[in-house]
Amino acid sequence: GILAPSLDTPISGAGFQILVADLRKLGFAEGRNLVIEHRRIEDGVPNVYAGANELAAAKADVIIASGPEISLQAAAAARPPVPIVMLAINYDPIERGYVKSLSHPGGNVTGIMSSLAETFLPKLLQYGCELSPGAKRIGMPMNILNPAHGRSFAAAQGAAAILKVDLVPAELRGPDDL
């Protein structure tokens, strides 16, 4: 089961195609030994929880909870409990108590989180400077309403100072800001 944003978006759609391709490499194929059911998280909180419970009731072997925290909240609340693989975007599942750590999560939840951006954004900035050696200013889109993005931006600013470039935040408050 997949509990995630609509698969019609470029990022979610591409991620889904990669998942299906990797499952094929492992010997799984839809219609033969694999059934994938998707429930969207854009349709309101009650529907997200209902979708998670539908996946659990359908005896999903695993629920992939991808995106904002509501997907993991609903998957964790589903009954009967189902193993969960999370792609935590814009929240820290360790800080929120879903897992003990990424290397030893405990319980029925495992996965990855995007807030690791604090560690890879400085490296990404370095690569950007290597690709464009004359760059003096580099833009960084960020959701200013998300505290994790503030920490990521601070880490990137430290790297920018070392690289002697100005880091310019492109503040995103919603989809229209893209």
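I take exposed to mean over 50% relative accessible area, buried under 20%, and partly exposed in between. The model I am reading is predicted.

**Entry 1. Lys-59**

I looked up Lys-59 with that cut-off in hand. Its relative accessible area is 69%, so Lys-59 is exposed. I find Lys-59 in the loop between α2 and β3, just after α2. Its phi is near 65°, a positive value in a residue other than glycine. I noted the angle since most residues other than glycine have a negative phi.

**Entry 2. Lys-164**

I then went to Lys-164. Here phi is positive again, at about 60°, although Lys-164 is not a glycine. The residue sits in the loop between α5 (147-163) and β7 (166-172). Its relative accessibility is 69%, so I enter Lys-164 as exposed.

**Entry 3. Pro-80**

Which peptide bond is cis, with omega near 0°? I find that the bond from Arg-79 to Pro-80 is cis. Pro-80 belongs to the loop between α3 and β4. For background, most peptide bonds are trans.

**Entry 4. Helix α2**

I went back to the helix that precedes Lys-59. Helix α2 covers residues 45-57, which makes 13 residues. From its first C-alpha to its last I read 18 Å, close to the 18 Å expected at 1.5 Å a residue.

Which residues of α2 are buried? I list Val-48, Gly-51, Ala-52, Leu-55 and Ala-56. Seen down the axis of α2, the buried residues fall within an arc of 140°, so they line one face of the helix. The spacing fits a general rule: an α-helix has 3.6 residues a turn, so residues three or four places apart point the same way. On the other side of α2, I find Pro-46 and Ala-57 exposed.

I also checked what covers the buried residues of α2. The cover includes β1 (2-4), β2 (38-40), β3 and α3 (69-77).

**Entry 5. The nonpolar cores**

The largest nonpolar core has 23 residues. Within this core, Leu-3, Ile-63 and Leu-72 touch the most other members. I traced the core to its elements: α2, β3, α3, β4 (84-88) and β5 (109-113) each supply at least two residues. Apart from this core lies another, of 13 residues, with Cys-129, Ala-135, Met-142 and Ala-160 among them. In soluble globular proteins, nonpolar side chains tend to be buried together.

I took Ile-63 for a closer look. Leaving aside neighbours within four places in sequence, I find Ile-63 in contact with Ala-52, Leu-55 and Ala-56, among others. Those three are on my list of buried residues in α2. Other contacts of Ile-63 include Gly-1, Leu-3, Ala-75, Val-82, Pro-83, Ile-84 and Val-85.

**Entry 6. Ser-66**

I moved along to Ser-66, in strand β3 (residues 63-67). Is Ser-66 buried or exposed? With a relative accessible area of 14%, Ser-66 is buried. Leaving aside neighbours within four places in sequence, I count Leu-3, Ala-4, Pro-5, Ile-41, Ser-71 and Leu-87 as its contacts. Leu-3 is also a contact of Ile-63.

**Entry 7. Salt bridges**

How many salt bridges does the structure hold? I get six. Side chains of opposite charge can pair when their charged atoms come close.

I took Arg-39 and Glu-54 to start with, whose side chains meet at 2.6 Å, N to O. Arg-39 lies in strand β2 and Glu-54 in helix α2, so the pair ties together parts that are 15 residues apart in sequence. I note Glu-54 as partly exposed, at 41% relative accessibility.

Arg-40 appears in two of my notes. Its side chain meets that of Glu-42 in a salt bridge of 3.6 Å, N to O. Arg-40 also forms a salt bridge with Asp-43, where the closest N and O atoms are 3.4 Å apart. I looked up accessibility for these residues as well. Arg-40 is partly exposed at 35% relative accessibility, Glu-42 is partly exposed at 39%, and Asp-43 is partly exposed with a relative accessible area of 40%. Salt bridges that share partners also join Glu-37, Arg-39 and Glu-54 into one network.

Technical notes:
Residues are numbered from 1 along each chain as its sequence is written. This is a predicted model: local features need pLDDT of at least 70, side-chain atom pairs count only at pLDDT 80 or more; totals for chains, interfaces and linings use all residues. Side-chain values use heavy atoms; hydrogens and water are left out. Helices (H or I, at least four residues) and strands (E, at least two) are DSSP runs, numbered from the N terminus. Buried means under 20% relative accessible area, exposed over 50%, partly exposed in between (1.4 Å probe, protein chains only). Contact means heavy atoms within 4.5 Å. The expected span of a helix is 1.5 Å times one less than its number of residues. The arc is that of the directions from the helix axis to the C-beta atoms. A nonpolar core is a set of buried Ala, Val, Leu, Ile, Met, Phe, Trp, Tyr and Cys residues joined through side-chain atoms within 4.5 Å. A salt bridge is a side-chain nitrogen of Lys or Arg within 4 Å of a carboxyl oxygen of Asp or Glu.
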